[in-house]
Structure formats: C-alpha cells, structure tokens
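Grab a pencil and get ready to explore a protein model. Have a look at it first, then we'll work through some exercises together.

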Amino acid sequence: MSHMSYFRLLAQCNLWMNEKLHNVCESLPTHIIKKGLHSYFNSIFGTFNYLLLVDIILMFRFTQQSFHVTGLSKQPHSDFPSFREDRELTDHAITHFIEHLSTRDLGQILLYPSLVKPQPRLSMLWDALTYFLSHQTHHRAQITTPLSPLEVDVGVTNLFHLPDLMSRGSDIKH
C-alpha cells in the first residue's frame, strides 16, 4: 500500500464513521446530545462542534487559505441539522483534497500560526495529515464513550469493517 493509499483509506474511514455517528446521534433527543455527560467538551454536541472547527482550521492550513478564529472553544453550530450539513461538506472536502494529493505533495512544508502558542509553526504535510486523520479517530471515541451507558449502539467501528475495504478483501486470492 502506498502512502497516498493509506491517507485515502483513513479519509474514507473518517467519512464512514462520521456518517455512522451522526445517524445514531440524529435520532437522539437534543437534550441528550447537548447534556453534560462528563465528556471532554462538556457534551456530545460540543465534541462534534470542536472536531468540525479543528477540521476546518486544518483544511484551511492545508490549502494555504486564511481562516480567522480566536480560539478552539467556539461552537460553530447550535443545532444538529446545520452542524450535520457543514460536517458532510467538510468531510467531502477532506476526501476530495486527499484524493487529489500526490506522494510528492506529502513533503510540502506548511507554515501556519499556532492557536495554542502564539508563534509560527512549521510542519510537513505528511505529519500534519497523520495528525489530522488520527485526531478525528481520537475524538470520535470521546463521543462513543458517553453513548455506551445510554445503551446506544453505534455499531462496528473497526477499520476492517469499512465497506470498501471489506469488498476488496473478497478479491484476495488464497
């Protein structure tokens, strides 16, 4: 598997998992997803909003466009339908961006301002993409954790169950 195939696989997995989580959470009452459930960003919805904001910030960095944000605590959306619409657009933009990268692009150096420490940062695109795609996985776990005591089943979350990956497995000769 090439480096680009790996990043494309992770982008597909993120799209698939976000759709699964959103489908489950969309069926829950608003007070449940906005309730403080001892989750990292105070609620499931707060975690969704944080993750969307960070993904948007990182996509602007990757495409070398400016995006003004004063901090990571901003809640881009107050309702689930507008959040979900923005999330789906962002996920498709992420997938499109990664599908159009080449292996040579991975060596690009990014220069961007840090939100955590007010100083410029340098990063190779390879490292930034690795962080970007694993960051989503990390926070989705913070969303599924408070769903478990509520007996909400998200279903299988294992990469091996990604539909495209499952269908590729049937092509392997023993």
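Below are three exercises, each with a worked solution.

Before you start, know that this is a predicted model, where local features need pLDDT of at least 70, side-chain atom pairs count only at pLDDT 80 or more, and totals for chains, interfaces and linings use all residues. Residues are numbered from 1 along each chain as its sequence is written, and side-chain values use heavy atoms, with hydrogens and water left out.

**Exercise 1.** Work out which helices are joined by the salt bridges of arginine 84 with glutamate 26 and of arginine 87 with aspartate 55.

*Solution.* Start with the rule: a salt bridge is a side-chain nitrogen of Lys or Arg within 4 Å of a carboxyl oxygen of Asp or Glu. For arginine 84 and glutamate 26, the closest N and O atoms are 2.8 Å apart. Next, find the helices (DSSP runs of H or I, at least four residues, numbered from the N terminus). Arginine 84 sits in H4 (residues 80-99) and glutamate 26 in H1, so this pair ties together parts 58 residues apart in sequence. Now the second pair: arginine 87 and aspartate 55 come to 2.6 Å between their closest N and O atoms. Here the link runs from H4 to H3, across 32 residues.

**Exercise 2.** Decide whether arginine 87, aspartate 55 and glutamate 26 are buried or partly exposed.

*Solution.* Use the cut-offs: buried means under 20% relative accessible area, exposed over 50%, and partly exposed in between (1.4 Å probe, protein chains only). Arginine 87 has 2%, so call it buried. Aspartate 55 has 0%, so that's buried too. Glutamate 26 reaches 45%, so it counts as partly exposed.

**Exercise 3.** Find out which element gives the most to the lining of the largest pocket.

*Solution.* First, the term: on a 1 Å grid over the protein atoms alone, a pocket is an open set of points where a 1.4 Å probe fits, with protein on both sides within 12 Å along at least five of seven lines, and lining residues have an atom within 4 Å of a point. The largest pocket is lined by 17 residues, with Arg61, Tyr112, Val116, Arg121 and Tyr131 nearest its centre. Two or more of the lining residues come from each of H3 (44-62), strand E1 (109-113), strand E2 (120-124) and H5 (125-147), where a strand is a DSSP run of E, at least two residues. The winner is H3, with five residues.
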